[in-house]
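Reader: Please take one helix pair in this model and describe its packing closely, then place it in its chain and at the chain contact. I would like a plain account, residue by residue where that helps.

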Amino acid sequence: MKIRFYGRLGDRLGSEIEVAVPPGTDTVVELREVLAEMFPQASGELRQRSRACVADGFVADDYRLASVDSIEFLPPLSGG
Amino acid sequence: MRCTIRLAAEPFDAAADYRAFEEKLAGEGAIVTFTGMARPRTHDGEQINSLFLDHHPRMTEASLREIAEDSGDRFDLSAITVVHRCGEVAAGDPIVFVAAAAIHRRAAFEACEYAMDRLKTDAVFWKREDSVDGSCWIEPTLIDEADRARWSK
């Protein structure tokens, strides 16, 4: 799965990465947990302090990933 | 209402954007503009070499357009333009330019201020201050949030 990060998450993890998601990762919250374990240096932001976004729309933690091949995680906005 | 927005990856000349805005007007009585500059110091007085504004390839422009259109509709403007930098911005360079035109001055003043308060909190950017001592990602201040909140009354 292609994952994009912005702001401080992008700084720490790279702005775009490709991750082999383990079977059984069905929802956004489960993906957050997979990523938090993969990247402990950003686990706080990955678990809670970021919003998940699919096709330019925010999605809730129970959003199902069955047909998703690209997802983005947005830390809190700085504003302009 | 004529609404133009531009996300600028390179330094821009606010005076040129003003002239382009003014040329297309048709007898409005008021133009109010605001230019925000990248400050050379942090809130704590540390020197900033540059700002970095990370942006989203689509949602950032969409947020600028929504804020500009809301500002125009709310105050019955005849035209508004918003230019906003992204990428690396040197201290002292313009970072945002807003121009609002209306029949009378009050609407133009208020729309410009409203647009800036919205941009400071709702525009899709992630801002990092880069100084000799390192880098720091920043979020809206309590003052920014309060400025934004007063328009919801």
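Author: In this predicted model, helix α2 of chain B, residues 59-74, packs with α3(B) at an angle of about 155 degrees. The axes of the two helices are 9 Å apart. Angles over 145 degrees count as roughly antiparallel, and α2(B) and α3(B) are therefore roughly antiparallel to each other. The crossing in which α2(B) passes α3(B) is right-handed.

On the side of α2(B), the residues that make this contact are S63(B), I67(B), A68(B), S71(B), G72(B) and R74(B). α3(B) contributes A111(B), Y114(B), A115(B), R118(B), L119(B) and D122(B). Sorted by class, the contact of α2(B) with α3(B) has six nonpolar, three polar and three charged residues.

Just past α2(B) in the chain is a loop that leads to β4 (79-85) of chain B, and D76(B) is found in this loop. The phi angle of D76(B) is near 55 degrees, a positive value in a residue other than glycine. D76(B) has 12 C-beta neighbours inside 10 Å and therefore counts as exposed. Chain A offers another case of positive phi in a residue other than glycine: D56(A), with a value near 65 degrees. D56(A) is found in the loop between β3 (51-54) and β4 (57-59) of chain A. With 11 other C-beta atoms within 10 Å, D56(A) is exposed.

Helix α3(B) also takes part in the contact between the chains. That contact takes 20 residues from chain B and 11 residues from chain A. On the side of chain B that touches chain A, α3 (105-122), β7 (125-131) and β8 (134-138) each supply at least two residues. The largest share of this side comes from α3(B), with four residues. By class, the residues of the side of chain B that touches chain A divide into 10 nonpolar, three polar and seven charged.

One residue of α3 in chain B deserves a separate look: K120(B), which is found in that helix. K120(B) counts as buried because it has 21 C-beta neighbours inside 10 Å, and the cut-off for a buried residue is 20 or more. Leaving aside neighbours within four places in sequence, K120(B) is in contact with G79(A) and G80(A) of chain A. Within chain B, and with the sequence neighbours again left aside, K120(B) is in contact with P140(B), D144(B), D147(B) and R148(B). By comparison, D13(B) is 107 residues from K120(B) in sequence, and the two are 21 Å apart in space, C-alpha to C-alpha.

The helix pair belongs to a chain whose secondary structure comes to four helices and eight strands. Along the sequence, chain B follows the pattern β-α-β-β-α-β-β-β-α-β-β-α. Contacts in chain B with a separation of 6 or more are 77% accounted for by residues 24 or more positions apart. Of the 153 residues of chain B, 33% count as buried.

As for overall dimensions, the C-alpha atoms of chain B fill a box of roughly 50 × 35 × 30 Å, taken along the principal axes. A compact globule with 153 residues would have a radius of gyration near 15 Å, and the 16 Å of chain B agrees with this.

Note on methods:
Residues are numbered from 1 along each chain as its sequence is written. Chains are lettered from A and ligands numbered from 1 in the order in which they are written. This is a predicted model: local features need pLDDT of at least 70, side-chain atom pairs count only at pLDDT 80 or more; totals for chains, interfaces and linings use all residues. Two residues are in contact if their C-beta atoms, placed from the backbone, lie within 7 Å. Ala, Val, Leu, Ile, Met, Phe, Trp, Tyr, Cys and Pro count as nonpolar, Asp, Glu, Lys and Arg as charged, and the others, Gly among them, as polar. Axes are lines fitted to C-alpha atoms, for helices over the stretch in contact, and angles run from 0 to 180 degrees between N-to-C directions. Angles under 35 degrees count as roughly parallel, over 145 as roughly antiparallel, 65 to 115 as roughly perpendicular and the rest as oblique. A crossing is left-handed if the near helix is turned anticlockwise from the far one by less than a right angle, and right-handed if clockwise. The radius of gyration is taken over C-alpha atoms; the globule rule is 2.2 Å times the number of residues to the power 0.38.
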